[in-house]
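Here is a walk through one protein model, taken region by region. Have the sequence and the coordinates open while you read.

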Amino acid sequence: MSNLSRIGRRVTRRLPRLSGRQVVALFVVGALCAGAAATALTGYGRVSAALFAALTGVILSALLMLFRRLSRVQRAGVAAQKDLRTTVEEMQRRLVAAVERERLTAGDRHLELAEAIARVKQVTDRKAGAAQLLTLPRELEATVQLFQGFVPRAPMPSSGDYALNPTDLLEVLHLIRTRQPRRVLELGSGTSTVWIAYALEKAGGRLISLDHDAEYARRTRDALEAHGLSGVAEVRDAPLTPVPVEGREYPWYDPEVLSDLTDVDFVLIDGPPAAIGADARYPALYVIEKRLADRATIVFDDAGRKDEQAAMAAWTQRFEGLTREGELLGRHAVLSFVRPAAMAAAHG
Ligand SMILES: C[S@@+](CC[C@H](N)C(=O)[O-])C[C@H]1O[C@@H](n2cnc3c(N)ncnc32)[C@H](O)[C@@H]1O
């Protein structure tokens, strides 16, 4: 088979894939070739030369167009490559930033845990009592669980000592998670305020915390601010004032500070401190009862102490609908309150 017929067959096969302009150009070139050849063979040398010149012009124009198209394609390729490089670099930067963030968070949590463990150990070393040593593993376990439940956005103030123990804190947070209170009142602010605010941020409630000491109130407010929790929890200055209860006056938080509160469905009683005098927390139920919702949970810290035991016995006698829930858990007791009218409505 001759080369010519092979080229002819290839062109014929490709013809359907050519654009209209390409087919026209092909026919023009073919016609010019045939014309030039025919005129040369039949003795029309000048016409043949003219046709040949036209053919050269057409071929040159086609080559020019081809070069322009190729350079456009090359420019588009370079631009696409540049875009791809920018995207890859951006992804690399994001990946490095994400890894760095994770590393810092892990570092912070490690530091907080190490500090918390050191604090628990310090307390044990200081008091060095056998009873204290026995509670150490429990407090360590509770500390680990606390930090597993939340990732604090700033260093946590310490627990234990004046503040709630990790085991008590853990139980309080569990009650908040499971009972989902809307309005929480805390008597005595501190570390617990920050932890409760984290729990309420997740569960969707608000916390009002009282402190008789303006300096401690300010410290707790600063801690809430540092953790970005000022929108969830508020610390109110509540100076101690004589509060009459059944014919006797006790120094207690100024009740005026609570005057706007209603429907409180969770209370943590952890103040005033025992150091201010005997029966420091006794007035609590007498003042807050009218601020409670129809159903409320009351957590009473340091419930194993003599004064607190006496207060609980008096309250459960005096306030219908107030009962103890189970045994003492850690240092705190849990009481539940159901307003008698609500109980009556529920039964009939
Ligand atoms: C038992 S503390 C409240 C602790 C808080 N609920 C917590 O768990 O962090 C009661 C009050 O004692 C005061 N207080 C806190 N830490 C104290 C400390 N290290 N020494 C003396 N008083 C303190 C504050 O005024 C606080 O409101």
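What follows goes through surface patches, a hairpin, some unusual backbone spots and the salt bridges.

## What you're looking at

Keep in mind that this is a predicted model. The local features below were picked only where pLDDT is at least 70.

## Two patches on the surface

Start with charge. Arg-21, Arg-68, Arg-69, Arg-72 and Arg-75 come together on the surface as a positive patch. Helix H3, spanning residues 45–127, is the biggest giver here, with four residues. Arg-21 sits in helix H2, residues 20–41. Its relative accessible area is 66%, and since anything over 50% counts as exposed, Arg-21 is exposed.

Now for the greasy side of things. Which residues form the nonpolar patch on the surface? They are Ile-59, Leu-60, Leu-63, Leu-66, Phe-67 and Leu-70, and together they have about 600 Å² of accessible area. Take Leu-70 as an example: you'll find Leu-70 in helix H3, and at 52% relative accessibility Leu-70 counts as exposed.

## The E4–E5 hairpin

Strand E4 (residues 240–245) and strand E5 (residues 248–253) run antiparallel to one another and pair over six bridges. To pick out one spot in that ladder, Pro-244 has Glu-249 in E5 as its bridge partner.

How many residues lie between E4 and E5 in the hairpin? Just two residues separate the strands, and Glu-246 in that turn has a positive phi of about 45°. For context, most residues other than glycine have a negative phi.

## Backbone oddities in the loops

The loop between strand E6 (264–269) and helix H8 (284–288) is worth a slow look. Pro-272 is in this loop, and the peptide bond that joins Gly-271 to Pro-272 is cis, with omega at about -5°. As a general rule, most peptide bonds are trans. Asp-279 is also in the loop between E6 and H8, and Asp-279 has a positive phi near 50° despite not being glycine.

Further along, Asp-302 is another non-glycine residue with a positive phi, this time near 60°. Asp-302 is placed in the loop between strand E7 (292–300) and helix H9 (306–318). Is Asp-302 buried or exposed? With 12% relative accessibility, Asp-302 counts as buried, because the cut-off for buried is under 20%.

## Salt bridges around helix H7

The structure holds 21 salt bridges, so let's look at a few of them, beginning with helix H7. Glu-215 pairs up with Arg-219, with 3.6 Å between the closest N and O atoms. Both Glu-215 and Arg-219 belong to helix H7 (residues 214–226), where they are four residues apart, about one turn of the helix. Neither partner is hidden away: Glu-215 is partly exposed at 36% relative accessibility, and Arg-219 is partly exposed at 45%.

Arg-221 and Asp-237 make a salt bridge too, at 3.0 Å from N to O. This pair links distant parts of the chain, 16 residues apart, with Arg-221 in helix H7 and Asp-237 in strand E3 (residues 233–237). Arg-221 is partly exposed at 31% relative accessibility, while Asp-237 is partly exposed at 40%.

## A salt bridge inside the E6–H8 loop, and its network

Back to the loop that holds the cis bond. Asp-270 forms a salt bridge with Arg-281, and the closest N and O atoms are 3.7 Å apart. Both residues lie in the loop between E6 and H8, so the pair ties together parts that are eleven residues apart in sequence. Here both partners are buried: Asp-270 has a relative accessible area of 11%, and Arg-281 comes in at 4%.

What network do Asp-270 and Arg-281 belong to? It is a network of salt bridges that links them with Asp-301, Asp-302, Arg-305, Glu-308 and Arg-331. Asp-302, the buried residue with the positive phi near 60°, is therefore one of the members.

## One last contact

Finally, check Thr-323, which is in strand E8 (residues 322–329). Thr-323 is partly exposed, with 44% relative accessible area. Thr-323 and Phe-337 are 14 residues apart in sequence, with their C-alpha atoms 6.6 Å apart in space.

Terms used
Residues numbered from 1 in each chain as written. Predicted model: local features only at pLDDT ≥ 70, side-chain atom pairs only at ≥ 80, totals over all residues. Heavy atoms only, no water. Patch = residues over 30% accessible without salt bridge, like charges linked within 9 Å, V, L, I, M, F, W, Y side chains within 5 Å. Areas by Shrake-Rupley, 256 points an atom, 1.4 Å probe, with all protein chains shown as cover. Salt bridge = Lys/Arg side-chain N within 4 Å of Asp/Glu carboxyl O. Lys, Arg positive; Asp, Glu negative; His and termini not counted. Charge placed at Lys NZ, Arg CZ, Asp CG, Glu CD. Buried < 20%, exposed > 50% of the residue type's maximum accessible area, 1.4 Å probe, protein only. Pairing = 2+ DSSP bridges.
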